[in-house]
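Biologist: Could you pick one part of this model and give me a close look at it? I'd like to hear how that part is held in place by whatever sits around it, in plain bench language.

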Amino acid sequence: MTIELLSSNRSHGGVQAVYRHNSDATHTPMTFAIFIPDHAEGEELPVLWYLSGLTCTHANVMEKGEYRAACALQRVIFIAPDTSPRGPDVDGADVADDAEGAWDFGLGAGFYVNATQQPWAKHYQMRHYIEDELPALIGAEFAAADMGRQSIMGHSMGGHGALTMGLRNPSRFRSVSAFSPIVSPLNCPWGDKALGGYLGPDRAAWVEYDACALIAAGARLNHLLVDQGDADNFLENQLKTHLLVDACRDAGMDATIRMQAGYDHSYYFISTFMADHVAWHGERLNA
């Protein structure tokens with residue numbers, strides 16, 4: 001697989017780069033950002049994945065997330081994929097079901113699922129892309145990436161992706177964290193819209209994309225950290241952090257779930273606690 005370097009900048013004792021490649025999973029070009037701290041020749045560094053939220057691309061966290069200094073200190077590679085397939089030929093990308101368009105469905109809202117419904121099934125295979133194709137590419141193209149040491153984190157829709165991918169792949173990820181995650185798509189309007197659209201009306205097919213349902217069914221994480229702002233305007237109707245608290249308690253699964261006073265859903269919140277999350281992952285990745 002050929003990858004194309006789009007940009008490369010020195011920052012915080014490392015290199016921040018952006019690449020593009022043609023994806024077999026999504027049948028589109030896909031773009032990702034990667035920060036690699038300075039390292040000795042032949043040295044391998046652990047990998048921390050970051051999954052972004054609704055309407056975002058790789059650029060949001062790259063420009064606003066303030067992770068590079070922390071990753072350089074922890075000696076961790078940071079990878080931020082795009083959220084969705086993009087391009088003029090992506091079926092269903094421009095879907096609109098109301099006067100303002102469907103900003104929370106279609107383009108920028110892939111929800112990290114493998115779509116089964118038309119017209120999204122051909123391109124919206126983000127689970128396969130993130131879980132399988134992109135890790136294989138990283139392992140093949142970046143000698144510094146130690147794919148035996150991986151962790152994952154995300155924000156909002158990306159928090160949902162990080163939680164569910166971690167729960168489905170507990171032996172791959174040493175730790176999982178999230179900012180303001182959608183913890184139960186089975187129980188919120190965003191989930192009804194996205195999973196109903198991409199997967200169809202059979203809610204049994206949604207369970208593997210719902211963190212609370214996966215925990216109730218027996219999936220477990222050894223290390224989980226969640227930060228949620230109590231001034232987040234999506235908290236009550238969409239994110240419902242209390243459902244994750246209840247699921248972990250009922251399952252007897254240890255988790256650190258912190259409500260942060262006065263913080264909202266924005267990157268002002270994420271950037272405030274990003275270094276904490278990177279250090280927390282670094283401790284487990286470098287153990």
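Modeller: Let's start with a bit of vocabulary: two strands pair if DSSP finds at least two bridges between them. Strands here are DSSP runs of E with at least two residues, while helices are runs of H or I with at least four residues, and both are numbered from the N terminus. The model is predicted, so local features need pLDDT of at least 70 and side-chain atom pairs count only at pLDDT 80 or more, while totals for chains, interfaces and linings use all residues. Residues are numbered from 1 along each chain as its sequence is written, and side-chain values use heavy atoms, with hydrogens and water left out.

The part I'd look at is strand β5, and the sheet it belongs to. That sheet is open and has 9 strands, in the order β1-β2-β3-β5-β4-β6-β7-β8-β9, with mixed pairing. At the edges you find β1 (3-11) and β9, each with a single partner strand, so one side of each has no neighbour in the sheet. From one strand to the next, the twist averages 20°.

Now to β5 and its partners. On one side is β3 (residues 29-37), which runs antiparallel to β5 (residues 77-81) and is joined to it by 4 bridges. Two of the bridge pairs are A33 with A80 and I34 with I79. On the β4 side, 3 bridges link β4 to β5, and these strands run parallel; there, V47 stands opposite I77.

Is β5 buried or exposed? Buried means under 20% relative accessible area, exposed means over 50%, and partly exposed is in between (1.4 Å probe, protein chains only). By that rule 5 of the 5 residues of β5 are buried, so the strand is largely enclosed by the rest of the structure. In a regular strand the side chains alternate between the two faces of the sheet. Here both faces of β5 are covered, with I77, I79 and P81 buried on one side and F78 and A80 buried on the other.

I77 deserves a zoom. This β5 residue has a relative accessible area of 0%. For contacts, the rule is heavy atoms within 4.5 Å. Not counting residues up to four places away in sequence, I77 touches I34, F35, I36, P37, L45, P46, V47, L48, A144 and A145. P46 is 31 residues from I77 in sequence, yet their C-alpha atoms are 6.1 Å apart.

I77 also turns up in the largest nonpolar core. A nonpolar core is a set of buried Ala, Val, Leu, Ile, Met, Phe, Trp, Tyr and Cys residues joined through side-chain atoms within 4.5 Å. This one has 69 residues, and F32, I34, I77, F111, I138, F142 and Y198 touch the most other members. Helix α3 (residues 126-141) gives the most to it, with 6 residues. As for F142, its contacts beyond four places in sequence are I3, Y19, F32, I34 and I36. A second, separate core of 22 residues includes L48, Y67, F179 and L285.

What lies across β5? Helix α9 does, and it also crosses β4 (45-51), β6 (145-155), β7 (173-179), β8 and β9, running at about 170° to β7. Such angles run from 0 to 180 degrees between N-to-C directions, with axes fitted to C-alpha atoms, for helices over the stretch in contact. Further along the sheet, β7 runs parallel to β6 and is joined to it by 5 bridges, with Q150 opposite F173. In β7, 6 of the 7 residues are buried, so that strand is largely enclosed too.

Helix α9 (residues 267-285) has a kink of about 45° centred on F273, where the bend is the angle between axes fitted to the seven residues ending at a residue and the seven starting there. At its start, a side-chain oxygen of S266 comes within 3.2 Å of the backbone nitrogen of Y268. Also in α9 is R284, whose side chain reaches the backbone oxygen of W280 at 2.8 Å. Both are polar contacts: N or O atoms within 3.5 Å, one able to donate a hydrogen and the other to accept it within protein, with residues adjacent in sequence counting only if both atoms are side-chain atoms.
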